[in-house]
Amino acid sequence: MRKLYSGFKIIFLAAFVFVLHNNCFGQNYGLGFSSHDVVQDKRTSLDLCSEKGISLNGNFDISFDLSFLPYRATYFGYIVRIIDDDNQNFDLVYSADNPKDDFNIIAGDRLTNIKFDIPLNTLFNQWNRLRITFDVEKGQLRLFDGHHTFIESGLHLKKNSCYKILFGTNSYQQFATTDIPPMKLRNISITQNKVVKYSWPLNEGTGNIVHDIIGQQKGMIVNPLWIPEMHHNWQKTKDITVNGVASTAFDSKKEILYIVGKDSVYSYSINNSEMTSSANIVKPNLNQGNQSVYNQYDNILYNFFPDQKTVAGYSFEKKTWDKKFTPNEVTDFWHANKMISGTDTSLYLFGGYGLLQYKNTVQQYIFKTQKWQQIKYKGDFFMPRYLSALGVNPSGDTVYIIGGYGNISGLQILNPKNIYSMMRFTTKDRTFKKLFDLKVNKEDFAFASSLIINDKDKTYYGLIFPQNKYNSNLQLISGSLNKPSYKVLGSAIPYSFNDIHSFADLYYCPQSNKFVVVTLLRTDNDETKVNVYTLLGPPINMPGNLSAAKNDKSLYLLIFIVLMVSTGGSIYYKIRKRKMQPAKVKEDTLPVFAPQITAIEHQPQHTEHITSLNKEREYESEIPLKNAILLFGDLQVFDADGIDITKQFSPLVKELFLLILLYSIKRGRGLSSEKLNEILWFDKSAKSARNNRSVNIAKLKLLLDKVQYCHLSKDTGYWKIDIDYDKTYVDYFNYLNIVRDKKKLDEQKIKSLFEITRRGDFLSNSDYEWLDNFKVEISNEVIDTFLHYAQSSQPYNAEFLIEIANFIFYFDPVNEESMILKCNALLTLGKRSLAKNTFESFVKEYKITYDEDFKKDFHDILIQHS
């Protein structure tokens, strides 16, 4: 019955979201206003009553969500002008020049006492709900900013009037203005006697008309800057032609794009779209295939040409390069990927193409010694390639390289093809590891030069394009660093691809949250055409605009379709989930030392275990079910008497508990109230979210009181579950103790990891979007830990290694390293037929999973590990 209820809840929510927010795109909806960064004729205006005024009788209020577009040069002007039919105006204005109170209310020609401020960080990074109340009975104007109420009394307000409501610029009579701050609006509503009479969500996404979803009052926009379009449509912000074979570099801190040309170095500010140039006093002899890079560790712009083993630094003060290149040479490393490592602050160069050969070399330039060297790397095979993409984690010690074009031999004549592998390279141990292969169903594609890595979420952004056509298009994609899935985002960017004559790169601005794409095309007359495009993050895919008309009959058909699709999708998901559930490990394949754990409601005889992150501990083979929280398999919480209290957690309290618990254990500090609201109560107002949070926090505290030495706190300003791990058992905490230090792995710890993970996948029956990263990370870490021990364990214990391989198959049935491990262990024991059966079962499973044949045969495995 509970599952049935959950299914109906999903269906209801799907229909509800569709009806009320069919164009909302999550949080990425609303209207942006072009401001002082464009000429007056291009600035944005919104007239909520374009034909006539809105008639309002008695007290009323107007409210809206407000945010500012960051990194603009000027913040000044009218946010809204409310004008009655006696031409009495009430204006909300903003001026960043005010020393303290940036926001003011104007009544007629005078400033009122309503003055307030919103911190810039809040104003730029979140929506702020403002409410202006007209109390005609008391002659008061009140403004509520979400925290405080400001009042202006002694006003003459009409009880019955028609009001013009104008946001941004306007041309209405003597109230015309072109001064507006660069802002964003959404969810405008007018309430009378506590009843919403008009509501404009501003969720249309396109067009010049906004729809009131209650009173059918249409508004008119001039020069709309729709937020979904800002997150979907790439905007060309600059195109220039420079002399010579140009290259680019990017300073992510200052958000400046550098274009290195023969005559000048150009600096283009992404924030204000301003470009400056510094003429080169001495021309640097830029050769074909030169590249540039900005070194964030010494804040110097460099240009390099690996064929001459030369790296030149640029001085903006002297407008000169400190080295010269020998002219008229062509590189042997076209489209090589580059990065500067945070480990040793050296420049690394991967792969490339030249002289009819693809490269898989790794070159290093050490800035301190000014020496080049070729790196001898180890690990998985790095196929010779070019046209791949590279990204690096924030600490600069882990490199991700995806895609490309090349082949095993490196010879262009021997059947080159597109490559779709994701490789990881660590600079400390200089090791490559293949993570996965992308699954490509349609047209082949290559990559632009860079990846944007989100190390926290283990995701990436990249640019792909079909390299077999000149009139090509760049397309942004987002994917996981842990699995081969990816999705297409945003609009396409035109790209003239002429192999080594073309270049494209992707950059990210962390402060202004913008993505930047630059394309280069070298012409026959020694010039380079440069195009720059920007997109506001996070990128989205924008569906077609739907009518917001209240009585549109087609809406009901669409609701019906959504309900049917939701129902069918829910049924399909349940069936697919059952099919995709990993097969339970048979009892005879489990380690003989592993006692079977089952869910029991009362078992007080188990003793408590002691564990600590700061000291060594002995790992017992039993898992206590008293003062215990078990997260592997189904969630189970046992109180101080050994009673299972899991069913006492409501679905919402359960998610709240898991959310705070995991962030407390893994991150160490828990979660803020704002983050909890964003995840659990994103669809509610600030007040409603606060009330919901308070109620559910109180419920959670009562439940945690039943588990000794475990309580909820907010001492640091973050919600955190404090646990005395010496007296309360948490399997996830013990799991982290084991996997965090692989150098201290021994057989007993591996057995303890067996105990923890044999209950099943991590929170196997809990499906939350925020939980996916935890699940993927844990699954990968468990496999890596088992493999690390198996590959380094001495003395060689074949039977124990077979048990390890069986556990790895439980998490990943097509893990190649595990298959090789098990086959060789069986061969060591003289069980050749079982080894052959293991290999054949793996090949069948591989075919089912990836819909392609495994590339090696049993003989290859034996040769590889003979």
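**Exercise 1. Strands S24, S25 and S26**

Work out how strand S24 and S25 pair, and over how many bridges.

*Solution.* Step 1: find the strands. Strand S24 covers residues 300-305, and strand S25 covers residues 310-315. Helices (H or I, at least four residues) and strands (E, at least two) are DSSP runs, numbered from the N terminus.

Step 2: look at the pairing. S24 and S25 run in the antiparallel sense, with five bridges; two strands pair if DSSP finds at least two bridges between them. Opposite Val 311 in S25 you will find Phe 304.

Step 3: inspect the hairpin. Four residues sit between S24 and S25, and Lys 309 takes a positive phi near 50 degrees there.

Step 4: go on to strand S26 (residues 320-321), which pairs with S25 in the antiparallel sense over two bridges. Here Tyr 314 has Trp 321 in S26 as its bridge partner. The hairpin of S25 and S26 has four residues between the strands, and Lys 319 takes a positive phi near 60 degrees.

Step 5: check burial. Five of the six residues of S25 are buried, so the strand is largely enclosed by the rest of the structure. Buried means under 20% relative accessible area, exposed over 50%, partly exposed in between (1.4 Å probe, protein chains only).

Before you go on, a note on the model: it is predicted, so local features need pLDDT of at least 70 and side-chain atom pairs count only at pLDDT 80 or more, while totals for chains, interfaces and linings use all residues. Residues are numbered from 1 along each chain as its sequence is written, and side-chain values use heavy atoms, with hydrogens and water left out.

**Exercise 2. The surroundings of Ser 269**

Decide whether Ser 269 is buried or exposed, and list its contacts beyond its neighbours within four places in sequence.

*Solution.* Step 1: place the residue. Ser 269 belongs to strand S21, residues 264-269.

Step 2: read its accessibility. Ser 269 has a relative accessible area of 16%, so it is buried.

Step 3: find the partners. With neighbours within four places in sequence set aside, Ser 269 touches Glu 255 and Glu 274; contact means heavy atoms within 4.5 Å.

Step 4: add a distance. From the C-alpha atom of Ser 269 to that of Asp 251 is 9.9 Å, and these residues are 18 apart along the chain.

**Exercise 3. Nonpolar cores**

Find which helix gives the largest share of the largest nonpolar core.

*Solution.* Step 1: identify the core. The largest nonpolar core has 89 residues, and those with the most contacts inside it include Leu 631, Tyr 732 and Phe 762. Such a core is a set of buried Ala, Val, Leu, Ile, Met, Phe, Trp, Tyr and Cys residues joined through side-chain atoms within 4.5 Å.

Step 2: name the helix. Helix H11 (residues 798-811) supplies the largest share of this core, eleven residues.

Step 3: look around Phe 762. Leaving aside neighbours within four places in sequence, its contacts include Leu 631, Leu 662, Tyr 732 and Phe 774.

Step 4: find the second core. A separate one of 49 residues includes Leu 56, Ile 132, Ile 188 and Tyr 198.

**Exercise 4. Salt bridges**

Compare three salt bridges: where are Asp 65 and Arg 129, Lys 439 and Glu 852, and Lys 836 and Glu 840?

*Solution.* Step 1: start with the total. There are 25 salt bridges in the structure, each a side-chain nitrogen of Lys or Arg within 4 Å of a carboxyl oxygen of Asp or Glu.

Step 2: take Asp 65 and Arg 129, whose N to O distance is 3.1 Å. Asp 65 is in strand S4 (residues 60-68) and Arg 129 in strand S9 (residues 128-135), so the pair ties together parts 64 residues apart in sequence. Asp 65 is buried at 8% relative accessibility, whereas Arg 129 is partly exposed at 34%.

Step 3: take Lys 439 and Glu 852, at 4.0 Å, N to O. Lys 439 sits in the loop between strands S36 and S37 and Glu 852 in the loop between helices H13 and H14, 413 residues apart.

Step 4: take Lys 836 and Glu 840, at 3.8 Å, N to O. Both are in helix H13, four residues apart, about one turn of the helix. Lys 836 is partly exposed at 34% relative accessibility, and Glu 840 is partly exposed at 37%.

Step 5: look for a network. Asp 65, Arg 129 and Arg 186 are joined into one by salt bridges that share partners.
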